Every structure is written in C-alpha cells, then in structure tokens.
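User: Could you walk me through this structure, starting with one of its pockets?

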Amino acid sequence: MLIAILAATALTGFAVVNAAGPTGRLGDAAIFQDNPPGVTYTATLPDSRTTDVRGFVAGTSNANGTGVNFIVNLSGFPDLSLGPFLYHIHDQPVPANGNCTATLAHQDSYIRGEVPPCDRAQPQTCQDGDLAGKHGNITTSPFRTAFLDLYLSTAQGPGSFFGNRSIVIHTSNTTRLTCANFTLTSGNNTNGTVTGSNPVPSPFTGGAAVTYVGSGAILAGLAALLL
C-alpha cells in the first residue's frame, strides 16, 4: 500500500513539473525592457563555396524598448528533405577562419540546455538564442519571417545581449550549414533593464547542461518523510 501511494505521488509530481515546463538552472528568462531606441544588429551570411544559403537576420530594438523585433530573410537552402532547417543565436562569434563549430552552443544565459526541445507556448522556458524553437523552423526556400522576441536585448552587458554573438543555420540533424556574426548597423548602444522574477545573468560562455531528478530520488525523499 505504501509503495502504491509513493508511486502515485511521484507520478503526480512529474505531471506538475511537466505542466510547468522545463526551465533553466537560473530560472525562466526575464522580459528585457529599456532597450536603446533605434539600435539594430544584423548578421549577413557570407558567400560560401560549401552552401548556397544566403541572406540575413536583423534585430532592432522594439519602439517601446521591450524586446527586439527580428526580420529574417534567407534563401538558397538545399533539398528541403534535409529540413526543417533550424537557426539559432550561438554563444560565441564566428572566428576569422569562418569555422561555424567555433561558435559553440546556443546562447543560453539561463543554462537551460537543449533537451527537452523548446515549447513555443512557453518561450520564457526556452534557450534565449533558440530562434527556431521559439518562432518556428525554416520550412520553405526562400524563407522570410518577422517576429518580436521579448527575451533578447540590444543593450550591452546582460546575458540576453546578442550583438556580440553569431547566427548559425542548421539542417534538421543539426549539421551547421553556414554562420555569420552580428554587427551594429544602426543606433547607439547603452545598457537596459529587465523585469521578471529572475535577474539576467552575465553572459554564459560555455555549453549548457540540464539537471534531471529521477523517480528514485523522489520516492526516497517521500519514504524518508513517512518513516
């Protein structure tokens, strides 16, 4: 009887966790406010001998200072059977030799990790650089879209700042097709502020990890309370 109660309680606990959605070690992403007006960072894909993918991703401070308006204009994708294609802001810039692998993992200032996948219905629980996860994969060629991302910033300093990072385009199996650095293309840059229950952390410069709690640990804890 005790075992049945413990098992049922553990399953209920898992249901609550799943309903709330995954989150980073430092909590959910905070909405960024007071972005400097008129600031735009643009990543323009290079002419490449290894892929025909071309275009740009540009992010401009929202007029009211909250979040960033993105415009995505890409073309030249290979066979669509290799898709849906993905695009993310990566933690590090592209080096002079153009090696996309050197951009490391996704921008992930709340240390969420890539597993489980981003839930578009809960963008605050996603990696801040997971543009495809939050706003949709690339399913056509050419591909054009525009969206407001509340969790990225054009203000230098916080981990949500993307202007010193890069954009990377992937096939569905995460092979990196091409990449480019964001550069300031208009406006002046200043620091901003954030709102939310969690402060924006300093930029994260390594890979992300996810911590899971197994059913054994939950059951052991419940058993200890009942003894």
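User: Which residues lie nearest the centre of the second largest pocket?
Analyst: Happy to help, and please keep in mind that this is a predicted model. The second largest pocket has a lining of 16 residues, and the space in it comes to about 300 Å³. Nearest its centre lie Leu-86, His-88, His-106, Glu-114 and Asp-130.

User: How does the lining of that second largest pocket divide into nonpolar, polar and charged residues?
Analyst: Two elements, strand E5 (86-90) and helix H2 (131-135), each supply at least two residues of this lining. Sorted by residue kind, the lining of the second largest pocket holds four nonpolar, eight polar and four charged residues.

User: Thanks! Now the cysteines: which handedness does the disulfide of Cys-100 and Cys-179 have?
Analyst: Cys-100 is joined to Cys-179 with an S to S distance of 2.1 Å. This pair links distant parts of the chain, 79 residues apart, with Cys-100 in the loop between E5 and H2 and Cys-179 in strand E8 (residues 176-186). The torsion about the S-S bond is about -90°, so the disulfide is left-handed.

User: Are Cys-100 and Cys-179 buried or exposed?
Analyst: Buried means under 20% relative accessible area. Cys-100 has 12% and Cys-179 has 5%. Because of these values, Cys-100 counts as buried, and Cys-179 is likewise buried.

User: What is the handedness of the link of Cys-118 and Cys-126?
Analyst: The sulfur atoms of Cys-118 and Cys-126 are 2.1 Å apart, and the two residues form a disulfide. Cys-118 is buried at 18% relative accessibility, and Cys-126 is buried at 5%. With 75° about the S-S bond, this link is right-handed.

User: What is the pairing when the bonded cysteines of the protein are numbered in sequence order?
Analyst: The count comes to two disulfides. One joins Cys-100 to Cys-179, and Cys-118 and Cys-126 form another. In sequence order the pairing is therefore 1-4, 2-3.

User: One last residue, Arg-25: is it buried or exposed?
Analyst: Arg-25 sits in the loop between helix H1 (2-20) and strand E1 (31-33). Its C-alpha atom is separated by 9.2 Å from that of Gly-113, which is 88 residues away along the chain. The cut-off for exposed is over 50% relative accessible area. Since Arg-25 has 52%, this residue is exposed.

Technical notes
Residues are numbered from 1 along each chain as its sequence is written. This is a predicted model: local features need pLDDT of at least 70, side-chain atom pairs count only at pLDDT 80 or more; totals for chains, interfaces and linings use all residues. Side-chain values use heavy atoms; hydrogens and water are left out. On a 1 Å grid over the protein atoms alone, a cavity is a set of points where a 1.4 Å probe fits but cannot get out, and a pocket is an open set with protein on both sides within 12 Å along at least five of seven lines; lining residues have an atom within 4 Å of a point. Grid points are joined across faces, edges and corners, and a volume is the space filled by probe spheres set on the points. Helices (H or I, at least four residues) and strands (E, at least two) are DSSP runs, numbered from the N terminus. Ala, Val, Leu, Ile, Met, Phe, Trp, Tyr, Cys and Pro count as nonpolar, Asp, Glu, Lys and Arg as charged, and the others, Gly among them, as polar. A disulfide is a pair of cysteine sulfur atoms within 2.5 Å. Buried means under 20% relative accessible area, exposed over 50%, partly exposed in between (1.4 Å probe, protein chains only).
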